[in-house]
2 protein chains.
Amino acid sequence: LDLHLEPGGRGVRAGLEAAVREAVRSGRLSAGVRLPSSRALAADLGIARNTVAEAYGQLVAEGWLLATQGSGTRVGNRAGLAQQPATGAPPLQPRYDLRPGSPDVAAFPRAGWLAAARRSLSLAPATALGYGDPRGRPELREALAGYLARTRGVRASPDRIVVCAGFSHGFSLLCQVLSARGATTLAVEGYSQPQYRKIAVTQRLTTTAVPVDAGGADIGRIGAADAVLLTPAHQFPLGMALAPARRSKLLDWAADHDATVIEDDYDGEFRYDRQPIGALQPRSPERIVYAGTTSKSLAPGLRLAWLVLPAHFVDDIIAAKALSDGVTSTLEKLTLAEFINSGQYDRQIRRQRQAYRRRRDQLLTALHGGVSLIRITGIAAGLHALLQLPATVTEEEVIARASRSDLALDGLNTYRHTEEPHHSALVIGYATPPGHAYPTAIEKLTEALWDR
Amino acid sequence: LDLHLEPGGRGVRAGLEAAVREAVRSGRLSAGVRLPSSRALAADLGIARNTVAEAYGQLVAEGWLLATQGSGTRVGNRAGLAQQPATGAPPLQPRYDLRPGSPDVAAFPRAGWLAAARRSLSLAPATALGYGDPRGRPELREALAGYLARTRGVRASPDRIVVCAGFSHGFSLLCQVLSARGATTLAVEGYSQPQYRKIAVTQRLTTTAVPVDAGGADIGRIGAADAVLLTPAHQFPLGMALAPARRSKLLDWAADHDATVIEDDYDGEFRYDRQPIGALQPRSPERIVYAGTTSKSLAPGLRLAWLVLPAHFVDDIIAAKALSDGVTSTLEKLTLAEFINSGQYDRQIRRQRQAYRRRRDQLLTALHGGVSLIRITGIAAGLHALLQLPATVTEEEVIARASRSDLALDGLNTYRHTEEPHHSALVIGYATPPGHAYPTAIEKLTEALWDR
């Protein structure tokens with residue numbers, strides 16, 4: 001089989017992927033045809049076997065190829081792909097992606113994680129593999145209690161921690177419990193994740209919008225609500241921290257309304273220009289549900305997050321969780337406990353903090369080299385920045401231009417939950433691309449901004 | 001620190017565990033005291049380090065000890081344990097357990113699983129670690145489609161498979177979707193898992209009971225319902241297969257009522273006296289949701305199960321899942337795909353099928369040696385058997401007697417969802433204890449039955 005691959009100049013792996021896609025699209029490779037092994041193809045092309053394996057992996061993930069042990073890698077059925085349901089199924093990945101929400105998954109510490117998995121599984125009692133406490137393995141809750149106290153100032157005892165399969169999962173359980181207790185209204189920030197508003201609505205809660213200004217959520221305008229979902233350390237997507245005076249005001253508001261505060265501390269570990277802002281939770285552990293996750297610090301695919309609960313929530317959340325996924329994957333939890341206890345988690349966060357800070361600086365340099373009409377905010381922390389566009393251009397125009405050069409961007413409008421006047425802006429996730437693709441992604445962004 | 005451990009004659013590890021528990025209970029070891037390292041204690045006692053590590057692990061799991069990397073293993077706070085919320089939190093494990101629902105978790109193939117994790121993670125594209133298709137990784141859905149067709153006759157295409165975090169999780173999503181589409185009634189077998197009835201009720205469905213007799217669920221008496229949840233290959237907990245005539249009748253019923261059939265194939269791989277009974281699903285793939293799991297074949301702690309869906313359910317389940325745990329742990333899914341594709345999954349099932357068959361035969365031998373008033377049924381398949389008790393004794397009496405010798409048993413009453421006359425019976429899970437504890441568990445069972 002001669003593949004006629006002409007990788008071109010885009011990086012060996014990307015070129016190989018593009019060549020296979022093109023060969024399938026044009027019909028030169030038809031469904032079911034078997035590809036050479038990664039070893040054989042690597043030898044033919046004179047490139048690293050890993051590069052071929054990674055390209056195959058990506059193409060399998062996208063549905064162009066099928067990997068079946070024993071019968072090797074074959075060309076997938078594009079007709080079959082076309083029949084896939086549209087809703088929820090992710091579209092084929094754009095080549096460059098500066099949308100927010102994901103860390104650099106290529107930086108996931110695979111070797112360290114596997115080593116922690118090996119150590120923790122060899123030490124785990126057999127009973128760990130059975131059904132268990134819906135809060136999750138005690139090893140991990142112990143490790144998290146120590147970690148959160150040390151790095152975020154959270155007051156957490158292991159029996160009040162519930163490990164769940166991502167923040168959405170934990171938040172969905174919380175909404176379910178709030179709703180079952182008679183809550184009807186959840187206040188959310190005027191700009192926030194639409195996904196969370198959907199979850200609240202699914203659990204029969206009405207969402208109201210809290211206006212956000214330079215000091216973060218305007219606590220004085222929350223009004224009546226049974227609970228509020230906030231991102232105090234780093235507002236998502238606008239990027240500021242909740243002003244100190246508002247932190248105090250929030251506690252008063254919660255007491256006055258006998259309300260619950262949900263503190264979504266999704267990227268609290270990543271702060272560049274000064275010390276991390278501590279969590280709000282220790283100021284009122286019986287009012288505030290603190291939520292953290294590995295989705296930004298390690299990888300979203302792990303599906304590990306945690307709630308630190310006021311005592312009165314623990315039983316109800318356990319009961320709700322028992323009827324959902326039960327205990328959440330035990331092996332991942334044991335591995336994370338070992339990963340934290342051995343100090344590797346801290347090291348990974350320090351490493352990534354430096355890497356993301358460099359990326360942020362690259363972004364600033366690239367954009368300040370151009371028209372200064374673009375204001376960049378929310379850059380002191382986290383994995384994303386806000387690019388405020390001049391009045392001469394709309395979000396939609398820039399996004400469409402970028403899309404034509406295979407760069408995915410997200411506009412602020414995506415996160416809007418308010419009728420107030422809206423300025424055009426882009427929410428740039430500068431952690432998303434793998435390192436090698438980042439400079440090109442930035443270049444494409446500047447092109448799209450300045451319509452070159 | 002001198003521990004004064006007197007392991008006694010119950011097996012080294014069990015003796016060590018008992019000695020530590022006793023020392024904590026009596027106050028000889030008080031909260032916070034640091035225990036010697038497993039290496040040091042093993043040397044002191046002249047036993048294997050692994051034995052000590054396992055005993056420590058078990059005691060940590062039970063809350064007697066706390067393991068904190070860096071500061072070693074310490075005595076836990078029993079007062080703290082007492083304050084733990086009661087609901088949902090598992091009670092301290094009984095020493096012997098013949099309750100149904102769990103495989104022998106000590107037989108989990110740790111080394112093989114870790115090897116599969118290493119191989120699959122080193123080959124996975126980085127994008128696998130990001131957010132992804134809520135159905136789960138394509139590698140696993142491909143592997144499952146092949147496996148289910150081969151071993152259970154299921155007609156599954158990868159795009160119709162949704163991987164979820166245990167059967168309960170998938171079932172909960174199904175109930176949510178059924179309910180959102182206007183369904184009001186779910187029929188369940190008159191004896192069935194109470195957990196599933198709770199899930200249905202949480203999702204605003206009413207459950208009705210289908211009487212079960214020697215031929216399985218009495219399809220003619222389902223009546224009006226929007227969906228029915230059945231265990232056709234091996235009724236849980238009674239143990240018979242659904243009679244062939246009823247399999248056909250079920251399809252007619254579903255067509256007449258435009259209803260959905262949920263086929264819970266929880267232990268279909270384990271059949272001892274003849275060929276497995278194939279799945280119902282291929283007879284009507286657009287009516288039947290097929291559900292399988294690794295909770296019996298490998299370990300419940302993995303939290304991996306799958307739904308094979310009629311086309312019209314796919315989009316709605318994807319949307320519901322996106323608001324629950326999103327994608328379910330990616331690394332576990334990649335590992336399972338590799339485990340299936342490399343043939344290890346089949347080998348593990350064959351190995352365990354032999355082991356469980358031997359256990360079942362030991363159970364029969366032990367019980368037939370005694371009073372023959374006890375009838376044992378449901379033994380052709382699965383991991384549990386039904387012991388029908390003579391009229392002279394109640395379930396509750398036998399369970400209470402067993403509990404006094406630290407053996408946990410489950411009565412049929414636990415699973416009852418019907419007002420019809422009820423015979424006393426025990427549901428014996430003969431896969432639950434680790435191999436070394438099984439003979440003693442059986443001995444304690446016969447003692448409890450015959451009140452010796």
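Mentor: Let's start with how copies are compared: they are superposed by least squares on the C-alpha atoms of residues with pLDDT of at least 70 in both. This is a predicted model, in which local features need pLDDT of at least 70, side-chain atom pairs count only at pLDDT 80 or more, and totals for chains, interfaces and linings use all residues. Residues are numbered from 1 along each chain as its sequence is written, chains are lettered from A and ligands numbered from 1 in the order in which they are written, and side-chain values use heavy atoms, leaving out hydrogens and water.

Trainee: OK, what kind of rotation axis relates the two copies?

Mentor: Chain A lands on chain B after a rotation of 180° with 0.1 Å of shift along the axis, at an RMSD of 0.1 Å. The two copies are therefore related as by an axis that is two-fold.

Trainee: Which residue of chain A comes closest to that rotation axis?

Mentor: Both copies use the same surface, as 99% of the contact residues of chain A recur in chain B (contact means heavy atoms within 4.5 Å). For closeness to the axis we look at the C-alpha, and at 3.6 Å the winner in chain A is A:Ser329.

Trainee: Is B:Arg137 buried or exposed?

Mentor: Find B:Arg137 in the loop between helix H5 (110-123) and helix H6 (138-152) of chain B; helices are DSSP runs of H or I with at least four residues, strands are E runs of at least two, and both are numbered from the N terminus. Leaving aside neighbours within four places in sequence, its contacts include A:Ala61 and B:Lys333. Buried means under 20% relative accessible area, exposed over 50%, partly exposed in between (1.4 Å probe, protein chains only). At 10% relative accessibility, B:Arg137 is therefore buried.

Trainee: Which helix gives the largest share of the largest nonpolar core?

Mentor: A nonpolar core is a set of buried Ala, Val, Leu, Ile, Met, Phe, Trp, Tyr and Cys residues joined through side-chain atoms within 4.5 Å. The largest has 65 residues, and A:Leu336, A:Leu445 and A:Leu449 have the most contacts inside it. Seven of its residues, the largest share, come from chain A's helix H14.

Trainee: How many of the five residues of S16(B) are buried?

Mentor: Here's a handy rule: in a regular strand the side chains alternate between the two faces of the sheet. In S16(B), B:Ala425, B:Val427 and B:Gly429 point one way, B:Leu426 and B:Ile428 the other, and all are buried. S16(B) is largely enclosed by the rest of the structure, because the buried count is five of five.

Trainee: Which residue stands opposite B:Ala425?

Mentor: Two strands pair if DSSP finds at least two bridges between them. S16(B) and strand S14 (residues 384-388) of chain B do so over five bridges, in the antiparallel sense. Across from B:Ala425 you'll find B:Gln388.

Trainee: And B:Thr418, which residues does it touch beyond four places away in sequence?

Mentor: B:Thr418 sits in the loop between strand S15 (407-408) and strand S16 (425-429) of chain B. Its relative accessibility is 18%, so B:Thr418 counts as buried. Further off in sequence, it touches B:Gly190 and B:Tyr191.

Trainee: Last one: which are the edge strands of the seven-strand open sheet in chain B?

Mentor: The order is S4-S12-S11-S10-S9-S5-S6, with mixed pairing. Inside it, S11 and S12 of chain B run antiparallel, joined by four bridges. Each edge strand pairs on one side only, and these are S4 and S6 of chain B.
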